[in-house]
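The following paragraphs lead through one structure, from individual side chains to the chain as a whole. Please keep the sequence and the model in view while reading.

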Amino acid sequence: MPFAATLLTLYPEMFPGPLGISLAGRALEDGRWSCTAVQMRDFAQDKHRTVDDTPAGGGAGMVLKADVLARAIDHARALQPDCPVLAMTPRGRPITQARIRALAAGPGVTILCGRFEGFDERIFAGRDVEEVAVGDIVLSGGEPAALMILDACIRLLPGVMGAVESGHEESFEQELLEYPQFTRPVEWEGRTIPEVLRSGDHAKIAAWRKQRAEEDTRLRRPDLWERHRGARDQSASGARQEKKDQAQ
């Protein structure tokens with residue numbers, strides 16, 4: 001079965017959007033994934049199709065109503081009962097590449113796109129919804145964030161990327177930033193490609209890339225570096241324990 005993407009949104013015309021071209025677009029044409037955009041206003045029950053109301057306690061803006069959201073989520077779950085439901089919100093847990101890989105390995109995903117001041121908080125207690133953020137930024141709505149999530153998932157689907165290894169040596173795959181890349185010309189404005197990359201020695205090239213990935217991560221993303229160090233130390237500890245158990 002293809003990877004099924006269901007979007008709960010006030011702007012269904014935004015999908016597939018940029019996902020209709022390039023790698024994702026070809027994969028959509030080939031049937032490797034499907035895209036269904038559902039208008040949340042269809043689940044309002046008044047003649048004005050109202051989906052929002054003023055915040056309890058006062059304040060600026062409007063809030064998406066829990067009852068409308070619940071009916072939309074229930075509809076999506078009936079269509080794709082095995083797909084997790086994600087709500088795009090800056091209050092959510094930051095998405096990781098590991099979570100993206102898990103989503104891409106599953107049957108699909110339903111994404112709830114926020115607008116205005118966000119969601120009535122009761123929806124998260126009333127329905128099994130995972131709150132997700134794409135970064136420490138605030139967007140005008142959840143649709144651009146949903147496109148990011150889907151793009152990250154679709155490129156990992158079997159047959160979408162030409163070279164499978166392309167997905168394994170990129171930033172965040174090993175809790176590291178990717179090593180720097182170069183291409184011809186060899187010299188540009190007095191700057192040359194590092195000699196090791198022109199050596200043809202694959203072992204030296206691999207060692208250089210690993211070193212640069214670690215150095216750049218340590219300097220640019222100390223948070224990633226600490227996670228990488230922790231995972232590396234844990235892996236080394238497990239290997240030592242395995243050797244000890246085998247010796248016994």
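In this predicted model, E175 has a relative accessibility of 28% and therefore counts as partly exposed. With which residue does the side chain of E175 meet in a salt bridge? The partner is R227, and the distance from N to O is 3.3 Å. R227 is likewise partly exposed, since its relative accessible area is 42% and the partly exposed class runs between 20% and 50%.

What does the salt bridge between R227 and E175 tie together? R227 belongs to helix α7, which covers residues 222-247, whereas E175 sits in the loop between α5 (143-154) and β8 (187-188). The pair therefore ties together parts of the chain that are 52 residues apart in sequence. In general, side chains of opposite charge can pair when their charged atoms come close.

Other salt bridges join residues within one helix. D216 and R212 form such a pair, with their closest N and O atoms 3.3 Å apart. Both residues lie in helix α6 (residues 202-220), where four residues, or about one turn of the helix, separate them. Is D216 buried or exposed? With a relative accessibility of 10%, D216 counts as buried, because the limit for that class is under 20%. R212, at 24%, counts as partly exposed.

Helix α7 offers a further example. The side chains of E226 and R229 meet in a salt bridge with an N to O distance of 3.6 Å. E226 and R229 are three residues apart in α7, so about one helical turn lies between them. E226 is partly exposed, with a relative accessible area of 48%, and R229 is also partly exposed, with 36%. Elsewhere, K65, D67 and R71 are joined into one network by salt bridges that share partners. How many salt bridges are there by this rule? The count is 14.

Attention now turns to a strand. Strand β6, residues 108-113, is mostly covered, as six of its six residues are buried. Which residues of β6 point one way, and which the other? G108, T110 and L112 point one way, while V109, I111 and C113 point the other way, and all of these residues are buried.

Strand β6 also pairs with other strands, among them β1 and β5. Strand β1 (residues 3-9) pairs with β6 in the parallel sense over five bridges. Within this region, T6 has T110 of β6 as its bridge partner. Strand β5 (residues 85-94) also pairs with β6 in the parallel sense, over four bridges. Here L86 has I111 of β6 as its bridge partner.

The final step is to consider the whole chain. The chain contains seven helices and nine strands. Its C-alpha atoms fill a box of roughly 70 × 55 × 40 Å along the principal axes. The radius of gyration is 23 Å, whereas a compact globule of 248 residues would have one near 18 Å.

Of the 248 residues, 36% count as buried. The surface that the chain exposes amounts to about 15,000 Å², of which carbon and sulfur atoms supply 51%. Among the contacts in the chain with a separation of 6 or more, 74% are between residues 24 or more positions apart.

Key
Residues are numbered from 1 along each chain as its sequence is written. This is a predicted model: local features need pLDDT of at least 70, side-chain atom pairs count only at pLDDT 80 or more; totals for chains, interfaces and linings use all residues. Side-chain values use heavy atoms; hydrogens and water are left out. A salt bridge is a side-chain nitrogen of Lys or Arg within 4 Å of a carboxyl oxygen of Asp or Glu. Helices (H or I, at least four residues) and strands (E, at least two) are DSSP runs, numbered from the N terminus. Buried means under 20% relative accessible area, exposed over 50%, partly exposed in between (1.4 Å probe, protein chains only). Two strands pair if DSSP finds at least two bridges between them. The radius of gyration is taken over C-alpha atoms; the globule rule is 2.2 Å times the number of residues to the power 0.38. Contact means heavy atoms within 4.5 Å. Accessible areas come from the Shrake-Rupley method with a 1.4 Å probe; for residues, only the protein chains shown count as cover.
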